[in-house]
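Trainee: Could you pick one part of this fold and walk me through it closely? I'd like to see how it sits among its neighbours.

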Amino acid sequence: MRKALTVTLATFIALAATFGMFSTSAGAQDTSTKNIVEIAKSNPDLSTLVTAVDKAGLVDTLSGPGPFTVFAPTNAAFAALPAGTLDSLLADPTKLADVLKLHVISGAVDSKAATAAAGTNVTTLGGPVAVALKGDKLTVGGATVVTADIKASNGVIHVIDAVITKPASTTPTGVNTGNSGLATTSTSSGLILAMLGAVAIGGAGISTVVLRRTGRRS
């Protein structure tokens, strides 16, 4: 049996507090006073991402109030792209921005909330991206999260080991049901997702969150 539940952001925050979704990362350095771009600039492993964000004209957006969730590819992730791909992207700011938007969610989503969405496609500023669990590893668009929950003043960063280059074309399969997801891409929630997409493109914060619960018929 499938049930779709739309809740206001206030309700979601209450639920998140109950289940500890918005936990802070336990790191040696407190980054919570810096915005997403400032944190990326301070991390030498994210220098290629910083260059890409600048070339794509997204510095002001990701330095803004947000909140945003950024899945940040490492330098090694960009280097692993097929030969010539990175240079081609850097030479085409529009195409580069389209790729980078696949790594950004409008709203703050920590690793617990992302894990709860495993088995669904979540809505990024660039389109749907699959979230899954492979063993105990969280993957987003096929990339593995290697460092989670870096708290910023305007959101959260999760470092990933690959670059997401295209949106998901289908809903993930082969993942255990019973998970809840944020703004999952399904026919029944299509209208809501279209509205969320319009908000995301405009750079505004999300005012509603869609939770999709999937179960099996007995």
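Mentor: Sure, but first the naming: helices (H or I, at least four residues) and strands (E, at least two) are DSSP runs, numbered from the N terminus. This is a predicted model, so local features need pLDDT of at least 70 and side-chain atom pairs pLDDT 80 or more, while totals for chains, interfaces and linings use all residues. Residues are numbered from 1 along each chain as its sequence is written, and side-chain values use heavy atoms, leaving out hydrogens and water.

Let's take strand 8, residues 155–160. Six of its six residues are buried (under 20% relative accessible area; exposed is over 50%, partly exposed in between, with a 1.4 Å probe and protein chains only), so the rest of the structure largely encloses strand 8. G155, I157 and V159 point one way and V156, H158 and I160 the other, and all are buried.

Now its partners, where two strands pair if DSSP finds at least two bridges between them. Strands of a sheet pair through backbone hydrogen bonds, either parallel or antiparallel. Strand 2 (residues 68–73) runs parallel to strand 8, joined by six bridges; T69, for one, is the bridge partner of V156. Strand 7 (residues 143–152) pairs with strand 8 in the antiparallel sense over five bridges, and a hairpin of two residues links them. Across that pairing, V145 stands opposite I160, and I150 has I157 as its bridge partner.

Zoom out and you get an open sheet of seven strands, order 3-2-8-7-6-5-4, with mixed pairing. Strand 3 (104–106) and strand 4 (120–124) are at the edges with a single partner strand each, so one side of each has no neighbour in the sheet. On average, neighbouring strands are turned by 35° against each other, direction ignored (axes are lines fitted to C-alpha atoms, for helices over the stretch in contact; angles run from 0 to 180 degrees between N-to-C directions).

What about a residue in edge strand 4? T124 lies there, and it counts as buried because its relative accessibility is 5%. Its side chain reaches the backbone oxygen of K101 at 3.4 Å. Leaving aside residues up to four places away in sequence, T124 touches K101, L102, V104, I105 and V129, where contact means heavy atoms within 4.5 Å.

For contrast, look at A80, in the loop between helix 5 (75–79) and helix 6 (85–90). A80 is exposed because its relative accessible area is 63%. Its C-alpha atom is 8.5 Å from that of V163, which is 83 residues away along the chain.

Note on methods: Polar contact = N/O pair within 3.5 Å; in protein donor to acceptor, adjacent residues only side chain to side chain.
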